[in-house]
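Welcome! Here is a short tour for anyone meeting this protein for the first time. Take a look at the sequence and the model, then read on by topic.

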Amino acid sequence: MSATAMAAAAEAETVIALPDIEVTSSPIFTRPPATQGPGVNLAPLRSAPPGLAPIITQSFAPITVAPKVEIERNTPKTLGEALADKPGISASSFAPGASRPVIRGLDSVRVRVQENGIGAHDVSELGDDHGVAIDPMAADQIEVVRGPATLRYGAQAIGGVVNVSNNRIPTFIPVSGYSGNITGSLANIDKARDLAAALNTGVGPIALHADGFVRRSDNYGTPAGVQANSAFFSQGGSVGSSYLFDQGFFGVSYTHFDADYQIPGGQSADEKTHIVMRQDKLQAKGEYRPQSGPFEAFRLWFGATDYRHDERGLDAAGADAIQATFKNQELETRIEAQHAPVATDWGALRGAVGVQAGLRSIGTSGDAGGLLGPALNRSAAAFVFEELELSKTLRAQAAARIDKVYWSGQSAAFPSDDLWNGTDPVESGARKNFTPHSFSFGLLQTLPQDVVASLTGQYVERAPTGVELFAHGAHDASGTFEIGDADLKKEVAQTIEFALRRKEGALRFDGSVYATRYNGFIYRRLTGVTCGDDFASCGTPGGEFRQTVYSQTGANFHGLDLATQYDVMEIGTGVFGVDGRYDFVHARFDDGSNAPRIPPHRLGGGLFWRDGDLFARASLLHAFAHTQTAPLETATPGYNLLKAELSYTHRFSEDSGAKALTVSLVGNNLLNSVIRDSTSFKKDEVMMQGRGIKAAMTLQF
């Protein structure tokens, strides 16, 4: 590097500092909320400046953030798509409308998806073909939380929490009286057309919010041609209102979501299988901060949801008909109390206690919908977080949680070899209850050069879910015949993780190494047998469904997540820099076999240039071939993913009525590589999208 470049880098080292990004992963807040009374616009910072990696240093939990500017630039269809290029995170990518985040090789029931602290309340964790009823275009920010903070939400978040933050329950009134945004995008690879809008306003102490979106795309293109039966449609919106006062707020929102998306690959494409989804959701949230007393704050969350989707396809007569129906009705509430700081001989002690409860009724029906009979789930939990400030540079945290989980449903007694023996499995009512205990600890140390180190450990117990216990039939859209086990025990995970992070200066990074030991790891095991619509057909030739059995064994997971960014020099009015990333996870069972559907090693990097208004980046991500496969699983070839991004923001004068207009252009898979996803059940049948270009525009007012 030249002397001039080194001098520029040294100068950048002293001036570059990423602003604090507010996240909601911990119940312990050291500053007041963003609601200090009507007419004061103190909305939380939701976006990192374009081009600056959002790095959270003062959290015990590893947190990955997708800021709003990034979401608006890429306009992803699903949460999986929105997060798939983050270190340690991939996507299930079963279909354009069904792509959940996969965190460090864990998905479905081990990854909790929520909106503003309340669960998504859909059935996306029951099958890879099921979409999440939250659209990324409604998000102000998407947070992925791993580690100790997940105990706030439950042992079902053993792999992590994906939290979508937005202002659907408004927490501020804009100073100007109103604010909002309109975002639209077009793409050539699937002829996607997306449009979303949001408005925030208020009258007196009453804050108001409204938003809506609609998006549609056709079958997408691949390097081998058009991927049949891959079209997508969704629409929805929300209205919300809050009462703001000097010591807090209370608000409610109503949200509606519709989707109709197709399932590509194999027989699903031949039968034109598609899922028609609908959800209605009521949420409430509030906070009260007393002026004195032993507690600093009381917080409340509540959600009530009615969800249904129909899995449709061609019947024997060639007409579009309902093959299966999934229904889910759910209630959830959480209450937290944060106590005032307590002076101790070791330092100031801050903490919070909370309780959480849920009620869920779920079931399937239809000719190909015998997967899960009516099942009822009741749960209750209590948790505590305590944080001790040992010095100005060292903090310690401990947390504990106890759950009580009840399941009732229809259990089926299958033969030991999972093959028909001349009689149908005997079904009977079953009741199961579990009492998972979990706890965690953490140390957070500030080091020289603005580096922050953390060491965390967890012991988490997870109760089996209804589908793991009671599944006993065909699942049409996913092409599986699933068999549960009512005798499954609690799953236990013991994790230790070390992280180093730096968000200031020219060199910024976020890296974690971790290891997890599972006792009683629950997974879907492919048996190599195919089935028809009923159990009597299992093992006979020509079955359209792959038989899977929920099994339990010991397992070891370990891996690394790393993201770096370096500002090399100033060029013109902006900064030129480089970034890099690497992640992997190894997962092996106690018998020496590999866990199924694990993401590959991924190594990538790029070049970027940014100033206050213009951002440009080109990056290349190499996914290595995944050959550490589970029994009956095929290897996945590696690929190279080249991506280019360009965005420009024009800022209007204060009296114009508009704040800014941002236009962006994103080119994805520019090498037109053949990409198959090792985490997908359908990777051998379905390719990911080929070379495509998307244009997007956002108007802020």
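Strands β22 and β23 (residues 452-462) run antiparallel and are joined by eight bridges. Everything here is read from a predicted model, so let us begin with this pair and its surroundings and then step back to the whole chain.

**The β20, β22 and β23 strands**

- Within the β22–β23 pair, Thr 446 has Val 452 of β23 as its bridge partner.
- The hairpin made by these two strands has five residues between them, and one of its residues, Gln 449, takes a positive phi near 65°.
- Asp 450 also sits in the loop between β22 and β23, and its phi is positive too, near 65°, in a residue other than glycine.
- With a relative accessibility of 40%, Asp 450 counts as partly exposed.
- β22 (residues 437-446) has another antiparallel partner in β20 (residues 394-413), and nine bridges link the two.
- In that pairing, Arg 401 is matched with Ser 438 of β22.

**A buried arginine in β23**

- Is Arg 462 buried or exposed? This residue of strand β23 has 0% relative accessibility and therefore counts as buried.
- The side chain of Arg 462 makes a polar contact of 3.2 Å with the side chain of Glu 468.
- Leaving out residues up to four places away in sequence, Arg 462 touches ten-odd places along the chain that you can look up in the model, including Val 109, Ala 155, Pro 436, Lys 490 and Ile 522.

**The chain as a whole**

- The protein chain contains five helices and 34 strands.
- Its C-alpha atoms fill a box of roughly 75 × 60 × 50 Å along the principal axes.
- The radius of gyration is 25 Å, which agrees with the value near 27 Å for a compact globule of 701 residues.
- Of the 701 residues, 58% count as buried.
- Among contacts with a separation of 6 or more, 68% are between residues 24 or more positions apart.

**How confident the prediction is**

- The average pLDDT of the protein chain is 90, and 93% of the residues score at least 70.
- Residues 1-19 stay under 50 in pLDDT, and the model gives them 37 contacts beyond four places in sequence.
- The stretch 31-47 also has a pLDDT below 50, with 51 contacts in the model beyond near neighbours in sequence.

**An open sheet of five strands**

- Five strands form an open sheet with mixed pairing, in the order β1-β6-β7-β4-β5.
- β1 (63-67) and β5 (118-119) stand at the edges, and because each has a single partner strand, one side of each is left without a neighbour in the sheet.
- Inside this sheet, β6 (residues 141-145) and β7 (residues 160-165) pair in the antiparallel sense over five bridges.
- Val 145 has Val 161 of β7 as its bridge partner.

**The β10, β13 and β14 strands**

- Strands β10 (residues 206-217) and β13 (residues 232-245) run antiparallel, joined by twelve bridges.
- Here the bridge partner of Ser 217 is Phe 232 in β13.
- β13 also pairs with β14 in the antiparallel sense, over 14 bridges.
- The hairpin from β13 to β14 passes through two residues, and Phe 245 stands opposite Gly 248 in β14.

**Nonpolar cores**

- Which residues touch the most other members of the largest nonpolar core? Out of its 38 residues, they are Leu 126, Tyr 261, Ile 263, Met 277, Ile 362, Trp 407 and Phe 470.
- At least two residues of this core come from each of β14 (248-262), β15 (274-288), β17 (320-343), β20, β21 (426-434) and α5 (466-470).
- Beyond its neighbours within four places in sequence, Ile 263 is in contact with residues including Phe 94, Asn 229, Ile 275, Ala 477 and Lys 682.
- Another core, of 22 residues, lies apart from the largest one and has Leu 151, Ala 155, Tyr 514 and Ala 555 among its members.

**A loop residue with positive phi**

- Thr 75 lies in the loop between α2 (68-74) and α3 (79-83).
- Its phi is near 40°, a positive value in a residue other than glycine.
- Thr 75 counts as buried, at 1% relative accessibility.

Notes:
Residues are numbered from 1 along each chain as its sequence is written. This is a predicted model: local features need pLDDT of at least 70, side-chain atom pairs count only at pLDDT 80 or more; totals for chains, interfaces and linings use all residues. Side-chain values use heavy atoms; hydrogens and water are left out. Two strands pair if DSSP finds at least two bridges between them. Helices (H or I, at least four residues) and strands (E, at least two) are DSSP runs, numbered from the N terminus. pLDDT is the predictor's confidence in each residue, from 0 to 100. Contact means heavy atoms within 4.5 Å. A nonpolar core is a set of buried Ala, Val, Leu, Ile, Met, Phe, Trp, Tyr and Cys residues joined through side-chain atoms within 4.5 Å. Buried means under 20% relative accessible area, exposed over 50%, partly exposed in between (1.4 Å probe, protein chains only). A polar contact is a pair of N or O atoms within 3.5 Å; within protein, one must be able to donate a hydrogen and the other to accept it, and residues adjacent in sequence count only if both atoms are side-chain atoms. The radius of gyration is taken over C-alpha atoms; the globule rule is 2.2 Å times the number of residues to the power 0.38.
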